[in-house]
Amino acid sequence: MVNSKSEAGPPPLGYALAQLHGIYILAQNEDGLILVDMHAAHERITYEGLKEGREAEGVRSQRLLVPVAVAVSEGEADRAEEARPALEAFGLRVDRVAPGQLLVREVPALLAEANVEQLLRDVLADLQAEGSSARVQAAEDALLSTMACHGSVRANRALTLAEMNALLRSMEHTERSGQCNHGRPTWAALSLPELDRLFLRGR
C-alpha cells in the first residue's frame, strides 16, 4: 500500500502521462516522476484480491458459458483429481472426463478474462512441483500467485489513460503493492531534485 500524504491531497502515485514500450506507466506526482511496471503491479493487486476473497468467503468462481477441454497426461489428470478440493477452494472447478482430458467448468471470477487452458497448465505445473495434495494445501499462496501472474495485464497491451490511472489508484490501496509476488519492485520514483541533477540544472 502506498501511503498518501493527505486523504484530500493529490494521489501519491500521481497521474498517468503515457505508456512506455507497452511495459511501463509514466506518471507525474507532486514530487516528480513515477515509473510503474504495469504487469508486476497488476499481479500484486490481483494476488491480494484473490487472498482477500479466499479469506473472506472463499474465492468467488465464475461458471464458463462453454467449458474448456484441456488434453493432459494421465499423471496430470491424476494430480488434478487428487487436488480437486484445493482447486475448488481457489475457484477453479475441473472435471476429469477421460484418462487424459480435463474439463474446466469454473474459474476464479477475478480471472474470468484469462487464458483458461494456460491457467490450468500453470496450476498443474505447480501441483507437480508441490507433490501431494496435502502439500498443495500448504502452498495455497503459491498457487494463487500463479493464478494472479497469469491473470494480470501483459506486456505490450495498450492501456488508456483512464486504465493506467485506475491501476495507480488500485496500487495505492493494495497491501505490499511496492513489490510483485516474486519480490521485484513494481514502481520507482525520481524526485524533481534528482531530475535537476541529471540535467545539471542549478549549476
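**Exercise 1. Find the residue of β3 that stands opposite Leu-26, and place the pair in its sheet.**

Step 1. Leu-26 faces Leu-35 of β3. The model is predicted, with local features requiring pLDDT of at least 70 and side-chain atom pairs counted only at pLDDT 80 or more, while totals for chains, interfaces and linings use all residues. Residues are numbered from 1 along each chain as its sequence is written, and side-chain values use heavy atoms, with hydrogens and water left out.

Step 2. Strands β2 (residues 24-28) and β3 (residues 32-37) run antiparallel and are joined by 5 bridges. Strands (E, at least two residues) and helices (H or I, at least four) are DSSP runs numbered from the N terminus; two strands pair if DSSP finds at least two bridges between them.

Step 3. The open sheet contains 4 strands in the order β1-β2-β3-β7, paired antiparallel. β1 (15-20) and β7 are the edge strands, each with a single partner, so one side of each has no neighbour in the sheet.

Step 4. Helix α7 packs on this sheet and touches β1, β2, β3 and β7; its direction makes about 115 degrees with that of β1. Contact means heavy atoms within 4.5 Å. Axes are lines fitted to C-alpha atoms, for helices over the stretch in contact, and angles run from 0 to 180 degrees between N-to-C directions.

**Exercise 2. Determine whether Asn-181 is buried or exposed, and list its side-chain polar contacts.**

Step 1. Asn-181 lies in the loop between α7 (161-172) and β7 (187-191).

Step 2. Its relative accessible area is 18%, so Asn-181 is buried (under 20%; exposed is over 50%, partly exposed in between, with a 1.4 Å probe and protein chains only).

Step 3. The Asn-181 side chain makes polar contacts with the side chains of Glu-43 at 3.3 Å and Ser-145 at 3.4 Å. A polar contact is a pair of N or O atoms within 3.5 Å; within protein, one must be able to donate a hydrogen and the other to accept it, and residues adjacent in sequence count only if both atoms are side-chain atoms.

Step 4. Leaving out residues up to four places away in sequence, Asn-181 touches Glu-43, Arg-44, Tyr-47, Ser-145 and Ala-148.

**Exercise 3. Identify the helix that gives the most residues to the largest nonpolar core.**

Step 1. This core has 28 residues, and Leu-92, Leu-102, Val-104, Leu-120 and Met-147 touch the most other members. A nonpolar core is a set of buried Ala, Val, Leu, Ile, Met, Phe, Trp, Tyr and Cys residues joined through side-chain atoms within 4.5 Å.

Step 2. The helix is α4, with 6 residues.
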